[in-house]
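Please open the structure in a viewer and keep the sequence panel visible. The tour proceeds by selection: each stop states what to select and what is to be found there.

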Amino acid sequence: MKPAVFDYYSPQTVHEALLLLEQHGFEAKILAGGQSLIPTMNMRLASPKVLIDLGRIGDLESIRLTEEEIRIGGMTRQYLIEQSPEVARDCPMLAEGIKLIGHPQIRSRGTVGGSLVHADPTAELPVILCTLGGAVTLASLDGERVVPAEEFFLTYLTTAIEPNEILVAVQIPRIQAGSGHAIEEFALRKGDFAIVLAAAAVTLDEAGKIAAASLGLGGVDGAPVKLDQVTDALLGLEPDSRLIQECCEQIRDIVEPEADIHASAEYRRDLSVTLSRRALETALSRARLSLSGSDNR
Ligand SMILES: Cc1cc2nc3c(=O)[nH]c(=O)nc-3n(C[C@H](O)[C@H](O)[C@H](O)COP(=O)(O)OP(=O)(O)OC[C@H]3O[C@@H](n4cnc5c(N)ncnc54)[C@H](O)[C@@H]3O)c2cc1C
């Protein structure tokens with residue numbers, strides 16, 4: 001299968017790319033790793049007249065640390081995140097979750113910005129970003145704006161990005177002492193998109209009680225679902241497996257997944273409960289390790 005004819009531009013700077021976007025408007029599409037866009041073009045589900053390839057803009061490929069955040073450039077390839085010692089140390093959920101994306105071949109081309117803007121409901125990165133309270137930076141000719149993850153993902157394959165904007169960076173909070181991260185998913189085959197995935201982060205206070213917790217799900221709605229009502233019930237407690245199981249049972253009544261050719265709605269509900277419980281238990285045990293001064297990964 002071949003795509004429809006298109007014009008190809010390869011700008012050297014973000015400004016040049018933004019000028020091209022402004023000039024070509026709805027006829028243009030940004031090309032990042034091409035792992036989602038090119039197949040859709042080959043199947044003629046998308047036929048942009050203009051492709052603006054960000055591949056030569058070196059400034060967009062970076063992993064930087066500030067005191068509180070990891071800032072990753074929009075064109076950073078997924079395999080670079082997978083190999084980064086800083087990401088492994090400062091954001092174990094991202095280090096673990098990125099390995100669940102497709103296969104090494106996909107991750108060698110696929111980018112963080114491409115995955116976030118594509119916004120597949122079972123993609124790992126959107127769920128991780130929502131669970132950890134991250135944000136994206138979007139640039140246009142008018143300047144930059146920062147959009148929190150929970151406002152960025154709207155529904156199936158749809159985000160708050162405007163047609164004249166480029167995702168230039170993503171910011172994710174660094175893990176703190178006394179915290180643990182975990183991500184769990186079920187896919188039919190290794191490397192496939194998940195049917196359902198759950199990500200959890202837990203922070204303990206010095207007495208071993210839960211000071212903060214968050215839980216996010218993918219595959220149960222068009223956008224990641226954050227389950228604050230479940231994690232709020234754990235605050236101030238020193239939970240055991242039974243309490244976590246009881247809290248997670250509520251998820252069955254909270255989520256409203258749809259059935260598709262891969263799984264029934266009821267099966268997705270079951271997975272939501274089981275994977276959430278596993279993710280919370282693992283995050284909790286890693287937080288306990290961190291509190292005791294051991295490694296929390
Ligand atoms: C076989 C296979 C298996 C896969 N498995 C998984 C999986 O398990 N989990 C998963 O999460 N993903 C999976 N993917 C998708 C993969 O992660 C893609 O890399 C990702 O969805 C898109 O990233 P990309 O860099 O290739 O973007 P592209 O395909 O180039 O672009 C995707 C979309 O985002 C837009 N875009 C890209 N970058 C920007 C930017 N910086 N600013 C504005 N718009 C932008 C493009 O215009 C396009 O609309 C799989 C893909 C394949 C082919």
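Is cysteine 248 buried or exposed? The model on the screen is a predicted one. Select cysteine 248: its relative accessibility is 0%, and it therefore counts as buried.

**Stop 1: the cysteines**

Keep cysteine 248 selected and add cysteine 247, which is also buried, with a relative accessible area of 6%. How far is the sulfur of cysteine 247 from the closest cysteine sulfur? The distance is 6.7 Å, to the sulfur of cysteine 248, and this is too far for a bond. A disulfide requires the two sulfur atoms to lie within 2.5 Å. Cysteine 248, for its part, is in no disulfide. A search of the whole structure finds 0 disulfides.

**Stop 2: helix H11**

Select helix H11, residues 241-249. Within H11, display the side chains of glutamate 246 and arginine 242, which are 4 residues apart, about one turn of the helix. An α-helix has 3.6 residues a turn, so residues three or four places apart point the same way. Glutamate 246 and arginine 242 form a salt bridge, with their closest N and O atoms 2.8 Å apart. Glutamate 246 counts as partly exposed, at 44% relative accessibility, whereas arginine 242 counts as exposed, at 56%.

**Stop 3: helix H13 and the loop before it**

Next, select helix H13, residues 265-291. Arginine 269 and glutamate 266 both belong to H13 and are 3 residues apart, again about one turn of the helix. Their side chains meet in a salt bridge, at 3.2 Å from N to O. Glutamate 266 is partly exposed, with a relative accessible area of 42%.

Now move to glutamate 256, in the loop between helix H12 (251-254) and H13. Glutamate 256 is exposed, with a relative accessible area of 65%. Which residues is glutamate 256 in contact with, leaving aside its neighbours within four places in sequence? They are Val220 and Arg269. The second of these also takes part in the salt bridge with glutamate 266.

**Stop 4: a network of charges**

A search of the whole structure finds 14 salt bridges. For another of them, select aspartate 90 and arginine 89, whose side chains meet at 2.8 Å, N to O. Side chains of opposite charge can pair when their charged atoms come close. Aspartate 90 counts as buried, at 6% relative accessibility, while arginine 89 is partly exposed, at 42%. Add Arg174 to the selection: Arg89, Asp90 and Arg174 are linked in a network of salt bridges.

**Stop 5: helix H8**

Select helix H8, residues 124-131. How many of the residues of H8 are buried? The count is 8 of the 8, so H8 is largely enclosed by the rest of the structure. Among them are Leu125, Pro126, Val127 and Cys130.

Glutamate 124, also in H8, merits a separate selection. Glutamate 124 is buried yet has no salt bridge. The nearest side chain of opposite charge, that of arginine 107, is 8.4 Å away, and a salt bridge requires nitrogen and oxygen within 4 Å. Residues up to four places away in sequence aside, glutamate 124 touches Gly97, Leu100, Ile101, Glu185 and Leu197.

Just after H8, select glycine 133, which takes a positive phi of about 70°. From threonine 131, one may also draw a distance to glutamate 256: their C-alpha atoms are separated by 19 Å, although the two residues are 125 residues apart along the chain.

**Stop 6: the strands**

Select strand E2 (residues 28-31) and strand E3 (residues 50-53), which run parallel and are joined by 4 bridges. Lysine 29 stands opposite leucine 51 in E3. Follow the chain from E2 through helix H2 (residues 37-42) to E3: this β-α-β crossover is right-handed.

Finally, select the open sheet of 4 strands, in the order E11-E12-E13-E14, with antiparallel pairing. Which strands form its edges? They are E11 (179-186) and E14 (225-226), each of which pairs on one side only. Strand E13 (residues 210-218) pairs with E14 over 2 bridges in the antiparallel sense. To end the tour, select glycine 216 together with its bridge partner in E14, lysine 226.

Technical notes: Residues numbered from 1 in each chain as written. Predicted model: local features only at pLDDT ≥ 70, side-chain atom pairs only at ≥ 80, totals over all residues. Heavy atoms only, no water. Buried < 20%, exposed > 50% of the residue type's maximum accessible area, 1.4 Å probe, protein only. Lys, Arg positive; Asp, Glu negative; His and termini not counted. Contact = heavy atoms within 4.5 Å. Pairing = 2+ DSSP bridges. Right-handed = clockwise from strand over helix to strand, strands pointing away.
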